[in-house]
Amino acid sequence: MRYAILADIHGNLDAFQSVLQDIDGRGGVDELWCLGDIVGYGPEPSACLALLRQYPHICVAGNHDWAAVGKIDIADFNPDAAAACKWTGHQLNADDVEYLESLPAKVVRGEFTIAHGSPRDPLYEYIFSVVSAASNFQNFGTMHCLVGHTHVPAVFMDSEGLCLKSPLLSILQLGGERLIVNPGSVGQPRDGNPRASYAVYDEAERVIYSYRISYDIAAVQDKMRRCGLPEFLSLRLSEGL
Ligand code: ZN
């Protein structure tokens, strides 16, 4: 079986469609694993939800998903994120709201625990550093964990109690070490590379492949301006920041 690992789509339908097209071109996958934040920031939240739901998939809740439906509050959102979140809430239909409200905070699939931010604090915690990663390895019972939220692809390895961080390279062979893997963001990458980021897990090979995909960023920026979304949120797409 092969699984696509998609995080932080953030209402960016163009990026999402380009990623799905790329997956098709590689022979497809059996299921999409969505690591949360399907909505928020981008101009087409409802269309992204509809597209995701056409596929066999599992999905966990991101902070933007639950904030958009009022399940968590936006007190800790910066002003641009809060404005986009309120706008997003108005774009959702009853079906979208019901779907987002029903998302679990964590899911276990085979040898992976799947959470948006971290296994310890799925909605809020960012795993950027080896310090936060190291203290999270005790918070999941599976061999590995998949997270998003930072929008930065990365791999954290628990090596005999020492936590090591490395970039997510194009091929990651799973071995005997426990890993926390972040596939990067489909809809709003923040590692200086504006191309959509995603991964595919090949269960038979025990390999995670990671990919960067070009899409029409200018078209998305144009849609965002027409929706009246904050200018900074448009600009950051072409910077990858
Ligand atoms: Zn996000």
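This passage walks through a sheet, the open and enclosed spaces, and the aromatic pairs of a predicted model.

A good place to start is the open sheet, which has six strands in the order 4-5-6-10-7-8 and mixed pairing. Strand 4 (106–109) and strand 8 (162–166) sit at the edges with a single partner strand each, so one side of each goes without a neighbour in the sheet. On average, neighbouring strands here are turned by 20 degrees against each other, direction ignored. Further in, strand 7 (residues 154–159) pairs with strand 10 (residues 178–182) in the antiparallel sense, and five bridges join the two. Asp158 can be found opposite Arg178 of strand 10.

Next come the spaces. The largest pocket takes up about 220 Å³. It is lined by 16 residues, and those closest to its centre are Tyr41, Asn63, His64, Phe77 and Tyr126. The lining of this pocket is a mixed bag: five residues are nonpolar, six are polar and five are charged.

As for enclosed space, searching the whole structure turns up one cavity of 30 Å³ or more. The largest cavity holds about 40 Å³ of space. Around it are His10, Asn12, Tyr41, Gly42, Pro43, Gly187, Gln188, Val220, Met224 and Leu237. Here the lining splits into five nonpolar and five polar residues, with no charged ones. Tyr41 turns up twice in this account: it is among the residues closest to the centre of the largest pocket, and it also lines the largest cavity.

That leaves the aromatic rings, which make eight pairs in the structure. Take Trp33 and Phe112: their ring centres are 5.6 Å apart and their planes stand at 65 degrees, and since an angle over 60 counts as edge-to-face, that is what this pair is. Trp33 belongs to strand 2 (residues 31–34) and Phe112 to strand 5 (residues 112–115), so the pair ties together parts that lie 79 residues apart in sequence. Both of these residues, Trp33 and Phe112, are buried. Phe137 and Phe140 make another pair, with ring centres 5.8 Å apart and planes at 45 degrees, so this one is tilted. Phe137 and Phe140 are both buried as well.

Trp33 and Phe112 also have company, as they form one aromatic cluster with Tyr3 and Tyr201. Phe112 thus links two topics of this passage: its strand 5 is part of the six-stranded open sheet, and its ring belongs to the cluster.

Terms used. Residues numbered from 1 in each chain as written. Predicted model: local features only at pLDDT ≥ 70, side-chain atom pairs only at ≥ 80, totals over all residues. Heavy atoms only, no water. Pairing = 2+ DSSP bridges. Helix = DSSP H or I, 4+ residues; strand = E, 2+ residues; numbered from the N terminus. Axes fitted to C-alpha atoms, helices over the stretch in contact; angles between N-to-C directions. 1 Å grid on protein atoms, 1.4 Å probe; cavity = no way out; pocket = protein on both sides within 12 Å on 5 of 7 lines; lining within 4 Å. Points joined across faces, edges and corners; volume = space filled by probe spheres on them. Nonpolar A, V, L, I, M, F, W, Y, C, P; charged D, E, K, R; others polar. Phe/Tyr/Trp six-rings, centres within 6.5 Å; stacked < 30°, edge-to-face > 60°. Buried < 20%, exposed > 50% of the residue type's maximum accessible area, 1.4 Å probe, protein only.
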